[in-house]
Amino acid sequence: MCIFCKIVNYEIPATIVYDNDDVIAFRDLHPKAPLHVLIIPKRHISSVNDVVEGDAAALGQLFVAARAVAEAEGVAKSGYRLVMNTGAHAGQTVDHIHLHILAGRAMTWPPG
Ligand code: DGP
């Protein structure tokens with residue numbers, strides 16, 4: 001079982017900030033911004049490369065959660081960045097699809 005599936009099953013600790021039947025969001029272990037939360041579908045999907053039509057509703061829930069987290073954390077107005085890394089060149093290190101929400105400082109563009 002992957003590390004994020006263990007968080008989904010509450011087998012390893014995480015600071016959970018949002019939780020419903022489809023998705024869970026928790027603070028990143030190695031934050032890259034004052035706010036750094038990961039939002040994941042509870043059902044295991046390895047990466048965008050593995051997404052199928054039937055995943056659409058669950059993946060849509062990631063954005064519903066992102067909006068809720070941004071509001072709850074007080075960054076909806078100041079702004080935030082949503083990132084989903086896919087594969088080695090993008091720096092994906094955990095093979096369970098996850099949406100990063102980063103906020104609390106000005107972001108640079110383009111990303112490195
Ligand atoms: P990515 O590089 O896009 O695959 O991002 C994976 C993120 O997951 C990275 O920012 C660190 C975070 N992470 C890895 N293991 C754990 C963990 O066990 N708990 C938490 N909260 N975050 C983790």
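## H100 and its surroundings

Contact here means heavy atoms within 4.5 Å. With that in hand, let's look at H100 in this predicted model. Leaving aside residues up to four places away in sequence, H100 touches D28, H36, V37, L38, R81, L82, V83 and N85. One of these neighbours, H36, also has a polar link to H100: their side chains are joined by a polar contact of 2.8 Å.

How buried or exposed is H100? Its relative accessible area comes out at 11%, so H100 counts as buried, the cut-off being under 20%.

## Strand 5, where H100 sits

H100 belongs to strand 5, which spans residues 99-103. There isn't much open surface on this strand: five of its five residues are buried.

It helps to split strand 5 by face. In a regular strand, side chains alternate between the two faces of the sheet. Here L99, I101 and A103 lie on one side, while H100 and L102 lie on the other, and all of them are buried, leaving both faces of the strand covered.

## Partners on either side

Strand 5 pairs with strand 3 and runs antiparallel to it, with five bridges joining the two. As an example of the register, I39 has L99 of strand 5 as its bridge partner.

Strand 5 also pairs with strand 4, again in the antiparallel sense, this time over four bridges. Here Y80 is matched with A103 of strand 5.

## The sheet as a whole

Zooming out, there are five strands in an open sheet, ordered 1-2-3-5-4, with antiparallel pairing. Which strands stand at the edges? Those are strand 1 (16-19) and strand 4 (80-83); each has a single partner strand, so one side of each goes without a neighbour in the sheet. On average, neighbouring strands are turned by 20 degrees against each other, ignoring direction.

Further along the sheet, strand 2 (residues 23-27) pairs with strand 3 (residues 35-41), antiparallel and over five bridges. In that pairing, V23 stands opposite P41 of strand 3.

## A helix across the strands

What lies across strand 1, strand 2, strand 3, strand 4 and strand 5? That's helix 2, made up of residues 56-72. Relative to strand 3, helix 2 runs at about 155 degrees.

## Back to H100

Putting the pieces together, H100 is a buried residue in strand 5, on the face that also carries L102. Its side chain makes a polar contact with that of H36, and its other contacts include R81, L82 and V83.

Definitions and conventions: Residues numbered from 1 in each chain as written. Predicted model: local features only at pLDDT ≥ 70, side-chain atom pairs only at ≥ 80, totals over all residues. Heavy atoms only, no water. Buried < 20%, exposed > 50% of the residue type's maximum accessible area, 1.4 Å probe, protein only. Polar contact = N/O pair within 3.5 Å; in protein donor to acceptor, adjacent residues only side chain to side chain. Pairing = 2+ DSSP bridges. Axes fitted to C-alpha atoms, helices over the stretch in contact; angles between N-to-C directions.
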